[in-house]
Amino acid sequence: MSISNQPAPISQPLLADAERVPTHRSYRRNLLLDVPIAGRLALGFILAALIAGVAAGVIGFQRSQSLTRQSDFYQTLLQTNTSLTTGANFLQLMNIEANKTLQDASVNAPSQETLTQDQGALQGLLVRYDSTLADYTAHQLLNQHTDRVALLAEANHANQVDQQRTLVGSVLRTWKVHRVTQLRILQDISTGKLVEAQYLARYQGEPTNADAQSALRALIQFDGRLAVSIRDAANVEQQNQFIATGIAVLLACLFIGLVGWLISNTLIQRLQLLRRVSRLVEKGQLDSRVTVIGRDEIADVSLSINSMLDTIVGLLSETRRHRDALTNAAQHLFSYMQVVSASEFRANTTTNDDPISMLTDAFNFTVGRFRRFSLRTQTSAEQLEVLSRQEMEQAEMFTQVLRTYTTGLPDTEALSKAPSRRLQMSATAARNTREDAVQEHVNQAHERLMEVGRNVIKTHTMTILGLTNQTTFALARLRQQIAPTLSLLTNQAKQPTRQLQELQSVEGLLQQLSIEIRIMQSETIRSLSEADKMLVQSLSLLKTPNKESLQPMVVATTNDVQELKRSSLQFVQEITNQAKLISAIAQEIRANNTAFKVAAGEKSTTVSEPQMARRVTSRPLTRA
Amino acid sequence: MKTAGHMRNIQGIQQSTDIFFAKISVFVFSLCIIAVLCVSCTGPTDAQQAPTGRLVVVGSTALQPLATRAAALFQKQYPQAKVAVSGGGSLLGLKAVTGRQADIGDSDLYADPALYPDPNLTDHIVCVVPFTMITNLDVPVASLTRQQLIDIFSTRKIRNWQEVGGPDLPIVPVVRPTTSGTRATFRKYVLEGGDESGTLLRTDSSTEVRTTVAHTPGAIGYLALSVFDNSVRQVGIDGQKANAAAIETGKYAFWSYEHMYTLGDNSSTMSAFLDFMLAATVQNEAARLSYIPIANMKLPTLSAAGGSGIPLSESEATLREHF
């Protein structure tokens, strides 16, 4: 996997998230749920009030209607009662008037005027009563008024309709008979048949009048019974109304309950839905959404919760994407680091704005700084080490010189140890070019001697040894050859040439050996003489300055010398100590530096392990 | 944990309030139902009390057959009630009821307010009893006019059947005693107030009239149609025979309402019996016993209705045509 592929896994979760987040924004249309809660509550209350009002209104209307019917009935009863009572009075008056007319007619000289007046009065009464009854039959019969019939039927007195008809029939029948009688009496009076008239009045007029009155009284009584019936009907109606009220109350309760249930259902169910969704989200089901129904406040809340959840899910996915990207970057970085750590501790970068390249840049920058720092530290440590070593050497030399100086005699060894002498000279600050030359000579002589000692003599001795070995080998072979030859010598004399040849080679070899030894001798002599010469030369060279330089020193007092020696030793000691300290510090720095390197290397390997693991685990997350 | 507990707590409160409301609503509903049941139960119970006790019915012999039959039917329907029916005539019935000796007084006549001024005396017309003129079987006259009847019974101008198209036989009018309701009706509606004279019967009984007429040659009498049988001959008035159709339409005048007088029908048994008299079973029985059910009667018309300028002398003539 290379860094250039990085933008791809970043963009992938975006698409995945966009697909994963479902959009539950299907509006389920509901006419009731489109109304806001306040409106719905108001509607519910109004509906309840309406139901109750309608129930009360219907009952009240019924009650008022029945009351109106009853009062109408009562009123008509009163009117008819009055008119019938008046009619009864008419009947009585008729009787009286008839008797009066007869009396007026039966006197000796009847006044025609009085008779006419009486007859007129009687006729008037007849007409009046007739019209009263006609009016009654025309208007007051129960079966002409269906509402009254219904009222009586309610009171379980339906037969009163027939009773009234019967009584009216009886009244009419008796009246007819009486009227006929009265008319006949009037006729008899006017025609002068007074005896017949009197007889008629006595035996027909009065009984028929009584019958008529009796029939009329029955009718009047019947009116009274009607009033009772109306009261019964009112009671029945009251009961019915009570039942109706009960039923209406029940129905109203049911309706109001139903309305309340409906309205509360529209609220509670969706609130529960909201709660369920919020719980699901709580449990981690971020893709659950509220189904939005209607357009009221709860729907608004649901919508905003849905959008909030969308936002949260978007933020989460974005965070996850960032995390994945960072993880990827770190993984890439570490894998690359492992790869390139051998050659150059640096990660390649693409100049992009993505976090990986930024991280890489930062890493590179840091690593470079570290490397520079460690290098600088290393060099400074080395320098410190060198310095300390030099100081230590110088201190050592100084002590030696001091020691030789204090003995007061230039050591013969100083000849062989020119550098120490030279250092001593430098320590006393009395150097010159001659001494340098002496030093060079001595050195040369020393080297020569070493050369002679090691190389030339050694090689020669080695060749000598080799030659001797060869010789011994050759002699051994010869001896072996000689042994069978000695036995065969008696028999055959075929190989004398070969033995001769062998002997000749041995001879040659011996000659060579001697030559070589000679050469070695001469060489040794020559080099020794040269060394001798050189040493003599250097001795001659050294003799003169030594006497010149050492002379004033000898002049110095022994106390001063002692003091100087002591303080010098002390100084040297201090210097040595410091050099040791510096060396130790340098050692430590170096050790730390290497330790840091090692640690850095180790860390790079150990850290990459969990990173790898996380990469493995994070992959399904991004792909899911 | 705390918030979860809190949530659960809230839920619990909500549930408890739900249960509370449910309980209250159930309580209210049950109250309503109980109230409605109570109201609906109280109404009809007191109206449907079975009639108990004893009723004494006294009076008209004309109504007696129907009253007896009705009493039997009534007792059959309401075994706890006792109804005792006896005859004795209409006036006896009225006297008995006004003297509180009987619960119901049967009568063919109206109670005269002058004679029975008790305002509680209540008239119950239960049916119509048609009367008919009867003659001995040897008189073949089919019909007589009202004037002929007046002349026979009241003025006695006609004394032989020959004068009215019959055989030569003296007319023997059988007259009922004055207590007879039938006699009063006969006087008012047939004789027009005229007095009657003739063979006076000692007891007021329709059957006696029948037997007397049946056994007296040339006899003429009147009786209730319910008592009529073939031992006597039925005679029409003004060409109309006593039948339901003629009476209902007002063409035949010799009939009477049958009254049952009470002194206020406070007793439920009494009102039940009176209602029972008007019920279909008794009315059908009445029709079977030659009475005319009261519901069949048509309202008579007042010819001079409204008393418009018609002279009374003229109207009288028209009125008379009706009877």
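Immediately following helix α5 of chain A, A:Gly192 adopts a positive phi of about 85 degrees. The structure is a predicted model, in which local features require pLDDT of at least 70 and side-chain atom pairs count only at pLDDT 80 or more, whereas totals for chains, interfaces and linings use all residues. Residues are numbered from 1 along each chain as its sequence is written, and chains are lettered from A, with ligands numbered from 1, in the order in which they are written.

Helix α5(A) covers residues 159-190, and because each of its 32 residues should add 1.5 Å, a span of 46 Å is expected (1.5 Å times one less than the number of residues), in agreement with the 46 Å that separates its end C-alpha atoms. Of these 32 residues, 26 are buried, a residue being buried if 20 or more other C-beta atoms, placed from the backbone, lie within 10 Å of its own. For chain A, with 624 residues, the buried share is 21%.

The secondary structure of chain A consists of 13 helices and zero strands, where helices (H or I, at least four residues) and strands (E, at least two) are DSSP runs numbered from the N terminus. Among its contacts (C-beta atoms, placed from the backbone, within 7 Å) between residues at least 6 apart in sequence, 78% join residues at least 24 apart.

The contact between the chains involves 49 residues from chain A and 41 residues from chain B. On the side of chain B that touches chain A, α1(B) provides the largest share, with 10 residues.

Technical notes
Contact = placed C-beta atoms within 7 Å. Buried ≥ 20, exposed ≤ 12 C-beta atoms within 10 Å, placed from the backbone.
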